[in-house]
Amino acid sequence: MPSCHDEQKEFALKKKNIVLVGNPNSGKSVVFHSLTGIYTLVSNYPGTTLSIVQGHYKEHSVVDTPGVYGLSSINVEEKTTKDIVLKADKILNVVNAMHLERELFLTLQLIDMGLPLVVALNFMDEVERHGIKIDLDKLSHLLGVKVIPIVAIKNKGIPELRKSLNLIKASTKPLFNYCQFNTSGAFNTFNYSTANAYYSGFSAIKTRRELLLALEGDTDIMKKYSLPADLSPEIIYTERRRRVNEITEKVKASGSKKDGFKKRLGSFMVHPVYGFLFLAGVLYLAYLSIGVFVAQTVVNFTEKTIMQGYYVPLVQKSVNLLINSIANIFSIPNWLNDAVANILTGEFGILTMTVAYVFGLLLPLVIGFYLFLALMEDSGYLPRLAFLIDKFLVRLGLNGKAIIPLILGFGCVTMATITTRMLNTKREKTIASALLNFAVPCSAQLAVITALIAFAGGFFTLTYVMIIVSFFVALGTVLNRFIPGNSSSLVLSLPSLQVPQIRNIILKTFVRTKHFLYEAGLWFLIGAFLISVLQLTGILKFLENLIEPVVVVWMGLPKKAALAYIMGIVRRDFGAAGFYRMALTQIQLLVALVSITLFVPCIAAILILYKERGSKIATLIWAGTIITAFFVGGMIFRIWGLFNGI
Amino acid sequence: MLLSDTTSSEKVKLVEIKDRSLKIHLLKLGIQEGDVVTISHKVSHGPFILQHKSQEIALGSKNLSQIEVRHYSN
């Protein structure tokens, strides 16, 4: 058994499995859904799905994999998919018929590996609409495998695809120019110029799939068989590219109809001037719909009217009634009675404050945010945004691709930190993780901050945004300067723009919201419970006194504010919520909100950070956030004092 | 000449992709030496887009100096 890569868990495949493999945007996840009934996140963005999902179709276990353009150890998507393909019984290769010349590269690689395979040729309606002709029989003949035309989203061709699953066979044309295999799949001859040096080592490789990857110099396979890691896939890839082009040429006749409007709109979105105007429009729309409509109108109704108006009083009344009657019957001591009442319905009550917060405040905002994100993803706007801001992210040691984890951070920093895996180098992963955990407020925190900053007015809101953005840029610039090594450059295939499918948008929002609420709610519950216990035992007072000098003297906040930072250790938004009932002046609000934004990431995020980045970096980030939060907060107070003569 | 010497919406033939990992990456995506591509949306000191057949590929500014091209007129 080869040793496992550190972060990746060994994925156990069941017997009789079918593995779905395809390029990003090939419609793989839709096919998976129609076979198994399981919904996975479908994104019009290369590389957003990194998880592996497994379902069932009849006696087969069906596995969905991250979308890739080829199989190698070059990035986490290809590595993940490759590891599963190596163990697969049968492959269902989903191919986007609109981009045959790109997609068949992976198909030929799978065929070269000798894998039993069927090709599902998706988006045949688009092909027709564009007047493109594809000779399916010829394609099937040239590839030596079954090719089934489908329109996955309309369920067309899926019954035929289902029928073909039992008949999946390896290609009848498995030989390629560089190597020949004998019938057992072992290695016979090899006319590659450097082959002799490797020959003896290669003969130890018994499976054809591993052998092919070894010939392509795959680092994992080379390590497994202790082979030198200096073989480049260039010659095999060039030859494969030639064959793909030849096949495409033979089977495809290009159509006449072009996507004029979509193309023009796509151009507009990446234009150095109009592109930013468009982005400003998108952001303004986000502000209007989430910042104004949801955060104010909707939350006012859910939090004030429903929660504080009906739910909380009702729960308080009935719980107290219940506790008192139980206490009377069993003669429970008063202190215990009070403690239970406090934990359940007190200031941080898990039945009152936690529920009101999670469902009254968080739920509407999180739904709003994820709906907006899903629209940006599915329309194909995100990759264009990545292009647009590449120039700026390069200065922070990242490239345009990092827009995905960064934007996801405004939803949930924990999830976003996991997504930094899609970045190419360790350096970029570290920078992105630091930026996320220092300076990106998640939707929960934004929710509380939006509600609070409204009291401070426009000037302070703008100042708040400017301070956080400047800090973000400064941190990125410093990290880029001092972290050794080089960051990678942007290479990103832009998918065509499309009208988002409402069903997909709703499902995606639902899945993400559920996940986030579960996680945020759980930690909030734990936090509320802990704070109540600390309060009851008097430890809270002690801690408050301990940090009082920093909070009161250095940052000019009232003594009570110390509580918010202690709460903030569990979750920043929990801390921010702590400011809710304090009567703060405008400048105190600014200091409080900036410092709590920069304060420690929530417990869930920290756990992920330890797992993804290791204890050294995670500890540095955690401790760094505390120092920075207090430092910046105090500096704002002092600078303000200079100008106002306090 | 290098890709950095071209202007936006110019049609060029790719002569040599000097960076090996970029070359391998592009081979997978469907672009190789000898292909005729259109450069679009070249942002000064920033990224650019290579158009090839039905594909649009965004590349970072570092790649500009890694690709040798020739004017193509036809």
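A salt bridge is a side-chain nitrogen of Lys or Arg within 4 Å of a carboxyl oxygen of Asp or Glu. In the predicted model described here, A:Arg242 and A:Glu239 form such a salt bridge, with 2.9 Å between their closest N and O atoms. Both residues belong to helix 10 of chain A, where they are three residues apart, about one turn of the helix. The two partners differ in their exposure. A:Arg242 has a relative accessible area of 38% and is therefore partly exposed, whereas A:Glu239, at 9% relative accessibility, counts as buried.

Over all chains, a search of the whole structure finds 28 salt bridges. One of the salt bridges joins the side chains of A:Glu234 and B:Lys23, with an N to O distance of 2.7 Å. This pair crosses between chains: A:Glu234 is in helix 10 (residues 234-251) of chain A, and B:Lys23 is in helix 1 of chain B. A:Glu234 has a relative accessibility of 16% and B:Lys23 one of 15%. Buried means under 20% relative accessible area, so both A:Glu234 and B:Lys23 count as buried.

B:Lys23 also meets a partner within chain B, since its side chain forms a salt bridge with that of B:Glu33 at 3.4 Å, N to O. The latter pair links distant parts of the chain, 10 residues apart: B:Lys23 lies in helix 1 of chain B, and B:Glu33 lies in the loop between helix 1 and strand 2 (36-40) of chain B. B:Glu33 is partly exposed, with a relative accessible area of 29%. In chain A, salt bridges also link A:Lys79, A:Lys82, A:Asp218 and A:Asp220 in a network. In general, side chains of opposite charge can pair when their charged atoms come close.

The interface between the two chains was examined next. Chain B has 30 residues in contact with 33 residues of chain A. About 2,900 Å² is buried between chain B and chain A, and 59% of this area is on carbon and sulfur atoms. Four salt bridges are found across the interface of chain B and chain A. In addition to the pair of A:Glu234 and B:Lys23, a salt bridge forms between the side chains of A:Glu78 and B:Lys28, at 2.7 Å from N to O. Polar contacts between chain B and chain A, counted where both residues have pLDDT 80 or more, amount to 15 residue pairs. On the side of chain B that touches chain A, helix 1 (20-29), strand 3 (48-52) and strand 4 (55-59) of chain B each supply at least two residues. Helix 1 of chain B provides the largest share of this side, with eight residues.

Aromatic side chains were considered separately. A pair of aromatic rings is described by the distance of the centres and the angle of the planes. The whole structure contains 16 aromatic pairs over all chains. In one of them, the ring centres of A:Phe369 and A:Tyr370 are 5.4 Å apart and the planes stand at 65°; an angle over 60 degrees counts as edge-to-face, and this pair is therefore edge-to-face. A:Phe369 is buried, with a relative accessible area of 13%, and A:Tyr370 is buried as well, with a relative accessible area of 1%.

A:Phe438 and A:Phe471 form a tilted aromatic pair, with 6.1 Å from centre to centre and 45° between the planes. Distant parts of the chain are linked by this pair, as A:Phe438 is in helix 18 (residues 426-439) of chain A and A:Phe471 is in helix 20 (residues 458-482) of chain A, 33 residues apart. Both A:Phe438 and A:Phe471 are buried. Elsewhere in chain A, ring pairs link A:Phe268, A:Tyr274, A:Phe278 and A:Tyr381 into a cluster. A ring is also involved in a contact with a charged group: the charged end of A:Arg240 sits over the ring of A:Phe105, at 5.3 Å from the ring centre.

A further residue of chain A, A:Ser615, is found in helix 27 (residues 615-644) of chain A. Its relative accessibility is 47%, so A:Ser615 counts as partly exposed. A distance of 53 Å separates the C-alpha atoms of A:Ser615 and A:His130, which are 485 residues apart along the chain.

Conventions
Residues are numbered from 1 along each chain as its sequence is written. Chains are lettered from A and ligands numbered from 1 in the order in which they are written. This is a predicted model: local features need pLDDT of at least 70, side-chain atom pairs count only at pLDDT 80 or more; totals for chains, interfaces and linings use all residues. Side-chain values use heavy atoms; hydrogens and water are left out. Rings of Phe, Tyr and Trp (its six-membered ring) pair if their centres lie within 6.5 Å; planes under 30 degrees apart count as stacked, over 60 as edge-to-face and the rest as tilted. Buried means under 20% relative accessible area, exposed over 50%, partly exposed in between (1.4 Å probe, protein chains only). Helices (H or I, at least four residues) and strands (E, at least two) are DSSP runs, numbered from the N terminus. A charge sits over a ring if NZ of Lys or CZ of Arg is within 6 Å of the ring centre and within 35 degrees of the ring normal. Contact means heavy atoms within 4.5 Å. Buried area is the accessible area (1.4 Å probe) that two parts lose on being put together, summed over both. A polar contact is a pair of N or O atoms within 3.5 Å; within protein, one must be able to donate a hydrogen and the other to accept it, and residues adjacent in sequence count only if both atoms are side-chain atoms.
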